[in-house]
Amino acid sequence: MTLKEMIEQSDNIVFFGGAGVSTESGIPDFRSETGIYNTIKRYQRSPEEILSHSFFMAHPDIFYDFYKSTMLYLDAKPNKAHLALAKLEAMGKLKAIVTQNIDGLHQLAGSKRVYELHGTVHRNYCMRCHEAYDTEYILKAEGVPRCEKCGGIVKPDVVLYEEGLNEMTITASLNAIRKADVLIIGGTSLNVYPAAGFIQYYSGNKLVLINKSETPYDRKADLLVHDSIGDVLGAVVDD
Ligand code: ZN
């Protein structure tokens, strides 16, 4: 069965996406070889160390220097993958998007049910009084953003290393995957926690894997495509 046929015949598709979905919108993956190399060169630390909870608490200034320059891409636009998925949801075919990305591009494309496993750069809150702040506020702040109300440090609602994922988001994601007829996994090498574990919850026979490079789960796929996620989804949904 082709991807087009699977999509035509289903009204219960779930999409699970990784960094590759965002890189096609020009957002570089900090976990890529180049990302890691550049970070170590500039900070003498790995991105994982800088993006950890303990590092944030100890060195919020360095964290924010890295975060603002490497994690925030407010001018990025949804690409063909985002748009195709939003269209499938509007058609009643796609039930949910589970994403590891924090850029909010799915919502910008029009998707409604998006489970953001790693949080989002678009929500930020004061660690002391919980006042909410938008991303502009973070960007404009000189150094560490501070709460206007109480002076507390403002933290992005992004899941840092050492921090747990949101329970409700996990539960909703796993429920969607468990019930899915077609599960499309795209733009992820499936090496990043918790992606690999999530696939186990899918029990159907239409597991679609779309990624430019090989993944450890290629053998498990019912349909395997080594190509750009935007090109593949764009082509299938457009005609
Ligand atoms: Zn505050």
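Axes here are lines fitted to C-alpha atoms, for helices over the stretch in contact, and their angles run from 0 to 180 degrees between N-to-C directions. Helices (H or I, at least four residues) and strands (E, at least two) are DSSP runs, numbered from the N terminus.

The structure is a predicted model, in which local features need pLDDT of at least 70 and side-chain atom pairs count only at pLDDT 80 or more, while totals for chains, interfaces and linings use all residues. Residues are numbered from 1 along each chain as its sequence is written, and side-chain values use heavy atoms, with hydrogens and water left out.

**Exercise 1. Describe how helix α3 and helix α6 cross, and name the residues that meet.**

Step 1. Locate the helices: α3 covers residues 33-43 and α6 covers residues 60-70, and their axes come within 12 Å of each other and cross at roughly 140 degrees.

Step 2. Assign the hand, which is right-handed for α3 and α6; a crossing is left-handed if the near helix is turned anticlockwise from the far one by less than a right angle, and right-handed if clockwise.

Step 3. List the contacts (heavy atoms within 4.5 Å): from α3 come Thr39, Arg42 and Tyr43, which meet Ile62, Asp65, Phe66 and Ser69 of α6. The residues of this contact of α3 with α6 comprise 3 nonpolar, 2 polar and 2 charged, where Ala, Val, Leu, Ile, Met, Phe, Trp, Tyr, Cys and Pro count as nonpolar, Asp, Glu, Lys and Arg as charged, and the others, Gly among them, as polar.

**Exercise 2. Carry out the analysis for α7 and α12, then place Lys87 and Leu83.**

Step 1. The axes of α7 and helix α12 (residues 229-238) come within 7 Å and cross at roughly 35 degrees, and the crossing of α7 with α12 is left-handed.

Step 2. On the α7 side, Lys80, Ala81, Ala84, Leu85, Lys87 and Leu88 take part, and on the α12 side they meet Ile229, Gly230, Asp231, Leu233, Gly234, Val237 and Asp238. By class, the residues of the α7 and α12 contact are 7 nonpolar, 2 polar and 4 charged.

Step 3. Lys87 belongs to helix α7 and is partly exposed at a relative accessible area of 38%, given that buried means under 20%, exposed over 50% and partly exposed in between (1.4 Å probe, protein chains only). Apart from neighbours within four places in sequence, Lys87 is in contact with Val237 and Asp238.

Step 4. Leu83, also located in helix α7, is partly exposed with 46% relative accessibility. With neighbours within four places in sequence set aside, Leu83 contacts Pro78 and Ala109, and its C-alpha atom is 8.9 Å from that of Gly230, although the two residues are 147 apart along the chain.

**Exercise 3. Identify the donors of the zinc ion and explain why their arrangement carries its geometric name.**

Step 1. The zinc ion is coordinated through the SG atoms of Cys126, Cys129, Cys147 and Cys150, at 2.3 to 2.4 Å; donors are N, O and S atoms within 2.8 Å of the metal (3.2 Å for Na, K and Ca), and sites may look incomplete as water is not among the atoms.

Step 2. The 4 donor atoms subtend angles of 95 to 116 degrees around the zinc ion, and therefore the arrangement is tetrahedral, a term that for four donors requires all angles to lie between 85 and 135 degrees.

Step 3. Along the sequence, the spacing of the zinc donor residues is C-x2-C-x17-C-x2-C. Distant parts of the chain are linked by Cys129, in the loop between β4 (119-126) and β5 (132-133), and Cys147, in the loop between α9 (135-140) and β6 (154-158), which are 18 residues apart.

Step 4. Cys129 is partly exposed at 34% relative accessible area, whereas Cys147 is buried at 5%.

**Exercise 4. Decide whether Met71 and Ser173 are buried or exposed, and list what each touches.**

Step 1. Met71 sits in the loop between α6 and α7 (80-90), and its relative accessible area of 12% makes Met71 buried.

Step 2. Residues up to four places away in sequence not being counted, Met71 touches Phe30, Leu51, Phe66, Ile102 and Val121. Phe30 is 41 residues from Met71 in sequence, yet their C-alpha atoms are 8.0 Å apart in space.

Step 3. Ser173 is part of helix α10 and is buried, with 0% relative accessible area; beyond residues up to four places away in sequence, Ser173 touches Val98, Tyr115, Leu117 and Phe198.

How values were computed
Four donors count as tetrahedral if all angles lie between 85 and 135 degrees; four count as square planar and six as octahedral if opposite donors are over 155 degrees apart and all others between 65 and 115; anything else is irregular.
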